[in-house]
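Subject: Structure for your review

Hello,

Please find the structure below. My notes on what was found in it follow.

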Amino acid sequence: MIKIYQTRLGNLSTSVVVNGVSRRVQFYARDGVNGLFSTADESLQQALERSRGYGRRFTLFEVSRPETPQESYRLVSGIRTWQAARDYLREEPYNLTDDEVSTPALIEQAAERFHLIFTQLKKRRRQ
């Protein structure tokens, strides 16, 4: 998680102790007034929030969590049998060999790898 800190004192430079080591933190202000500093380092975040200047000279402005990429799946209709699914995966652009799609389990693994969902194919039973 990335935390962004803000100061209204322009370009502010301050030091905090992180794990026994003094670290310099620089707030940059494009407009000469609102300085920003961001970090994903959790130990630095904790040190900033424990420092004397927190709440006086600078404050927490925003917390942003990196977005997790959404996996998109392609729905494939018209495939009703495992043999048809195997033939589909053997064609362009997948070009899988007979050995790679020789069983329903391998066909399911290949479909998952290529983010495909055969909408009319009945799933095999798990044992």
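Contact is used here for heavy atoms within 4.5 Å, and this is the sense in which one element is said to cover another. Please keep in mind that the model is predicted.

Helix α3 and the main core

With that in place, α3 can be described. Its buried residues are I107, E108, A110 and A111. These residues take up an arc of only 165 degrees around the axis, so they sit on the same side of α3. Among the elements that cover the buried residues of α3 are α2 and β8.

Those elements also turn up in the largest nonpolar core, which has 15 residues. Y88, L89, L116 and F118 have the most contacts inside this core. At least two residues of the core come from each of α2 (82–90), α3 (104–113) and β8 (116–118). With four residues, α2 gives the most. As for Y88, once neighbours within four places in sequence are set aside, Y88 is in contact with R74, V76, I79, Y94, L116 and F118.

The sheet and the other core

Another core, of eleven residues, lies apart from the one above, and Y5, L12, V18 and F37 are among its members. Two of these, Y5 and F37, are bridge partners, with F37 in β5.

The sheet is open and has four strands in the order β4-β5-β1-β6, with antiparallel pairing. In general, strands of a sheet pair through backbone hydrogen bonds, either parallel or antiparallel. Here β4 (28–29) and β6 (59–64) are the edge strands; each has a single partner strand, so one side of each has no neighbour in the sheet.

Strand β1 (residues 2–7) is joined to β5 (residues 35–39) by five bridges, and the two run antiparallel. I4 has S38 as its bridge partner in β5. Between β1 and β6 the pairing is also antiparallel, over five bridges, and I2 stands opposite S64 in β6. Five of the six residues of β1 are buried, which leaves the strand mostly covered. Helix α1 (residues 42–50) lies across β1 and β5 and runs at about 30 degrees to β1.

Loops and backbone geometry

Most residues other than glycine have a negative phi, and most peptide bonds are trans. Which peptide bond is cis? The bond from E92 to P93 is cis, with omega near 0 degrees. P93 is found in the loop between α2 and α3.

N95 belongs to the loop between α2 and α3. The phi of N95 is positive, about 50 degrees, although N95 is not a glycine. N95 is partly exposed, with a relative accessible area of 43%.

H115 follows α3 and lies in the loop between α3 and β8. H115 is not a glycine, yet has a positive phi of about 60 degrees. The relative accessible area of H115 is 26%, so H115 counts as partly exposed.

Finally, N19 sits in the loop between β2 (13–18) and β3 (21–26). Is N19 buried or exposed? N19 is exposed, with a relative accessible area of 70%. N19 and A47 are 28 residues apart in sequence, and their C-alpha atoms are 8.6 Å apart in space.

Regards

Notes. Residues are numbered from 1 along each chain as its sequence is written. This is a predicted model: local features need pLDDT of at least 70, side-chain atom pairs count only at pLDDT 80 or more; totals for chains, interfaces and linings use all residues. Side-chain values use heavy atoms; hydrogens and water are left out. Buried means under 20% relative accessible area, exposed over 50%, partly exposed in between (1.4 Å probe, protein chains only). A nonpolar core is a set of buried Ala, Val, Leu, Ile, Met, Phe, Trp, Tyr and Cys residues joined through side-chain atoms within 4.5 Å. Two strands pair if DSSP finds at least two bridges between them. Axes are lines fitted to C-alpha atoms, for helices over the stretch in contact, and angles run from 0 to 180 degrees between N-to-C directions. The arc is that of the directions from the helix axis to the C-beta atoms.
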